[in-house]
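Hello,

Here is the structure I promised to pass on to you. Have a look at it first, and then read on for my notes on the ligand and the pockets.

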Amino acid sequence: MSAAASDFARAADPANVFRQGVRDANGDPVEPAPWQEHVMRSEARRHLILCNRQAGKSTTVGAKASHGMLYAPGTYLIIAPTLRQSKLLFQKVVSTYRRLEDVPRITRDNETELVLANGSHLFALPGDNDANIRGFSAPRAVIIDEAARVADTVYAALRPMLAASTDGQLIALTTPYGRRGWFYDAWETSAGWDRTTITAFDCPHITPEFLAEEREGMSEWQFRTEYLCEFTDTDEAFFSSELVDAMVDNTLEAWS
Ligand SMILES: Nc1ncnc2c1ncn2[C@@H]1O[C@H](COP(=O)(O)OP(=O)(O)O)[C@@H](O)[C@H]1O
Ligand SMILES: [Mg+2]
C-alpha cells in the first residue's frame, strides 16, 4: 500500500492503525477481533475495558493512543500500578507508531516520553503515588492500565485534569481484582461509562487447550478472575464457604 493510501485507510477507519501497526511475535500482521475494532473506533469520553489476561487490551489501547497522537495532537498519559507496567504499554504505542507510514516524525523517544513533530506528547507515569501525576493539565487521553489495581487516591487525582479538557478521554483497562476500588464501583454502577468486556472464551487467539492447562494450574477463583473476568473476592469466598460448613455442622448438632 502506498503511504498516501495507508493514511487514507487510517483516517477512514481507526481500526486500520491496529492492522498497520500491530505485529505478533513472528512479526506478522494481526487482525483485530470485533471488540478490538470497537475500542479503536470508540469516541466515548469514559471507557471501561474489562477483559481476561492476554486478551490484547494493552495492544489495542496502545494502537488507539498511536491513532490519537497522530490525528488529535496533544498530551497523552499512561498510568499503571508501577512504572514498569506503564512502560510496557508505552512500548506498545511506540512500536505501533514506528510501523505507520507517512506520519509526523518522532522528535524524542526515551523510556517514558514520546514526542511527535505534530506536538503530541506521550508520558508513561507510575501510579503508585498520586504526587507523581499531578501537574498535567487538559490531556487528550488518560489511559489507566491494570486499572483495578490503581489506588483510589491516584484515580481521584486524575479526574480533575480531565474536567479541564472538554474532549479528553479516560480509558481504563484491566482484569478484575476483587470487589473493591474505584474500577469495581464504576463497573457496577456504570453511570457515565461506556463498557466493553469479553472473556478468554471469546478470544480467537486463545485456544481451549491453553485454557484447560491454565485452569489446572491455578485455583478456581483465580481462573474465574483472570480468564472469566469475574469480580471474585478470595477472602469472601473463603469465609462464606466456612460459614456454610459451620451452619451445616450446627444443624446436625441440634438434631443429634
Ligand atoms: N487480535 C489478535 N490476534 C492475535 N493475537 C493478538 C490479538 N490481539 C492481541 N494479540 C496478542 O496477544 C498477546 C497479549 O496481548 P496484550 O495486549 O499484552 O494482552 P493483555 O494486555 O490483555 O494482557 C500479545 O502477544 C498480542 O500480540
Ligand atoms: Mg496488558
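**Ligand 1 and its surroundings**

Let me begin with a polar contact: an oxygen atom of ligand 1 has a polar side-chain atom of S58 at 2.9 Å. The protein covers 77% of the accessible area of ligand 1, which on its own comes to 570 Å². Please keep in mind as you read that this is a predicted model.

The backbone takes part in polar contacts as well. A polar backbone atom of E31 is 3.0 Å from a nitrogen atom of ligand 1, and a polar backbone atom of A55 is 3.1 Å from an oxygen atom of the ligand.

Which residues come nearest to ligand 1? There are 15 residues around the ligand, and the nearest of them are Q36, Q54, G56, K57 and T59. By class, this shell holds four nonpolar, seven polar and four charged residues. Helix α4, which spans residues 57-71, gives the most to the shell, namely three residues.

**The largest pocket**

Where does ligand 1 sit? The space that it takes is the largest pocket. This pocket holds about 640 Å³ of space. Its lining is made up of 26 residues, with Q54, A55, G56, K57 and T59 the closest to the centre. Two elements, α4 and α5 (83-99), give two or more residues each to that lining. Helix α4 gives the most to the shell around the ligand, whereas α5 gives the most to the lining of the largest pocket, with five residues. Sorted by class, the lining has 10 nonpolar, seven polar and nine charged residues.

**The second largest pocket**

You may want to look at this one too. The second largest pocket has about 390 Å³ of space. Of the 20 residues that line it, S42, K64, H67, G68 and Q169 lie nearest its centre.

Which element gives the most to this lining? Here the answer is α4, with six residues. The elements that each supply at least two residues to the lining of the second largest pocket are α3 (34-41), α4, β6 (141-145) and β7 (169-174). The class split for this lining is 10 nonpolar, four polar and six charged residues.

If you open the model with one element in mind, try α4: this helix gives three residues to the shell around ligand 1 and six to the lining of the second largest pocket.

Best wishes

Terms used
Residues are numbered from 1 along each chain as its sequence is written. Chains are lettered from A and ligands numbered from 1 in the order in which they are written. This is a predicted model: local features need pLDDT of at least 70, side-chain atom pairs count only at pLDDT 80 or more; totals for chains, interfaces and linings use all residues. Side-chain values use heavy atoms; hydrogens and water are left out. A residue is near a molecule or strand if one of its heavy atoms lies within 4 Å of it. A polar contact is a pair of N or O atoms within 3.5 Å; within protein, one must be able to donate a hydrogen and the other to accept it, and residues adjacent in sequence count only if both atoms are side-chain atoms. Accessible areas come from the Shrake-Rupley method with a 1.4 Å probe; for residues, only the protein chains shown count as cover. On a 1 Å grid over the protein atoms alone, a cavity is a set of points where a 1.4 Å probe fits but cannot get out, and a pocket is an open set with protein on both sides within 12 Å along at least five of seven lines; lining residues have an atom within 4 Å of a point. A molecule sits in a cavity or pocket if more than half of its atoms lie within 2 Å of its grid points. Helices (H or I, at least four residues) and strands (E, at least two) are DSSP runs, numbered from the N terminus. Ala, Val, Leu, Ile, Met, Phe, Trp, Tyr, Cys and Pro count as nonpolar, Asp, Glu, Lys and Arg as charged, and the others, Gly among them, as polar. Grid points are joined across faces, edges and corners, and a volume is the space filled by probe spheres set on the points.
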